[in-house]
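User: I would like a close look at one part of this chain. Start from a single residue, then work outward to the elements around it.

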Amino acid sequence: MSDHDPAAPETTTLRAPRSFVRRMILRKGGWIVIAGLTCAALGTTLGVTSAAADPSSSAAAEATSSPAPGPTGGGPVADPSDGGATGIVDATSRTGFTMTTATGVQVTVTVTSATKTVGAPAKAVKEGASVLVLGTVDSATVDATRVVVQRGGDGGAAAVEAAGVIPFQQGTPSPDKSVGRIPDYTEGEGTIINGTTAYKAIQAAQAVVPGGINDRVVQLENGEYEVHNISVNWPHHTFVGKDFKVLGYE
C-alpha cells in the first residue's frame, strides 16, 4: 500500500522505558476491544503507503485538511475525532457493517447516504471484503466518511505479521520498543486534525501497522504526524512524515 522511504531506518531497537506516567497513559489511554479474523496489507517494511485509492481522489467536498477547531493535544481524554481501521467485513446491515481486524478487534461501522465508497462500487462492501474505513472514531465504532475497498486484500494480515503487531491481551504489559525513527514526542502534545490530511496519515499508518483502531491524528510542531493506535498491546504510536510515509512506530 505505499512507497518505500529509503530515509526511514528499518531496524528494530529496544528503547529504555520513558516514565511511569507515560507507561500508565499508554496502558490506560485507549479503549480496549477484543475479537478475531484476518486482514490486508501490501507493505512489509517502513515507508509503505496504501495502494488502495487515495482518499483525496474523492470528488466529494468533505472535512477540510486544516486542523479542526476544538480539541487540541493527543492525550487520552480527547473527544472523538477522525480515525480508521482496516479489516475483513463480517456482516452487513441496513445501517452499515461489522468487520474484524487482523489482530481480532471487532469494529462496528455505520454508513449514511453521505459515505463515499472508494476503489469499487458500494455493493462490493460485503462479507469477506477487505476494507479500510475512515471517519469519526468513538471506541470501537466508526461513523464512516469513506470506505476504501481493497480488492484482493487480506485486511492487513500480512502487514501485521511483518510488523510484529501485538494483539491486546488482558494483563500483558506493552513492550518498550520502537521501529524506525521516533521523534521527541510526549503523548498529549500537538494538535488534533481531521479531514483529508488526517485520512492520508491514517491510510499510511494502516498500510504498515494495521490490526488496531486509529482513534486520532495529531500534527506535531515540526509538521509531522502521530497516528494514535488503540486496542492492541503494541504499537500505540505511528509517526508519519509530511510526505505521508511512515517514519517509525512504538
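In which strand is the place of G135? Please take it from there.

Analyst: This is a predicted model. G135 sits in strand β6, which covers residues 130-138. Its relative accessibility is 0%. The cut-off for buried is under 20%, so G135 counts as buried.

Next, the neighbours of G135. Leaving out residues up to four places away in sequence, G135 touches S81, D82 and G83. V142, D143, A144 and T145 are also in contact with G135. Y199 completes the list. Y199 lies 64 residues from G135 along the chain, yet their C-alpha atoms are separated by 8.1 Å. Long-range contacts show up for the chain too: among contacts between residues at least 6 apart in sequence, 75% join residues at least 24 apart.

Y199 leads to helix α3, where it is one of the buried residues. Helix α3 runs over residues 196-208. From first C-alpha to last, its 13 residues reach 19 Å, close to the 18 Å expected at 1.5 Å a residue. Of those 13 residues, 12 are buried, so α3 is largely enclosed by the rest of the structure. Besides Y199, the buried set includes T196, T197 and A198 at one end and A205, Q206, A207 and V208 at the other. A201, I202, Q203 and A204 are buried as well.

Now a strand for comparison. Strand β12 spans residues 225-230, and six of its six residues are buried, so β12 too is largely enclosed by the rest of the structure. In a regular strand the side chains alternate between the two faces of the sheet. In β12, Y225, V227 and N229 point one way, while E226, H228 and I230 point the other way. Residues on both sides are buried.

β12 has two pairing partners to look at. Strand β11, residues 213-219, pairs with β12 in the antiparallel sense over six bridges. Here R216 stands opposite H228. Five residues lie between the strands in this hairpin, and G223 takes a positive phi near 90°. Strand β14, residues 237-240, also pairs with β12 in the antiparallel sense, over four bridges. There H228 stands opposite H237. H228 thus has R216 opposite in β11 and H237 opposite in β14.

Last, the wider setting. The chain has three helices and 15 strands. Of its 250 residues, 54% count as buried. Its accessible surface comes to about 10,500 Å², and carbon and sulfur atoms account for 53% of that.

Technical notes. Residues numbered from 1 in each chain as written. Predicted model: local features only at pLDDT ≥ 70, side-chain atom pairs only at ≥ 80, totals over all residues. Heavy atoms only, no water. Buried < 20%, exposed > 50% of the residue type's maximum accessible area, 1.4 Å probe, protein only. Contact = heavy atoms within 4.5 Å. Areas by Shrake-Rupley, 256 points an atom, 1.4 Å probe, with all protein chains shown as cover. Pairing = 2+ DSSP bridges. Expected span 1.5 Å × (residues − 1).
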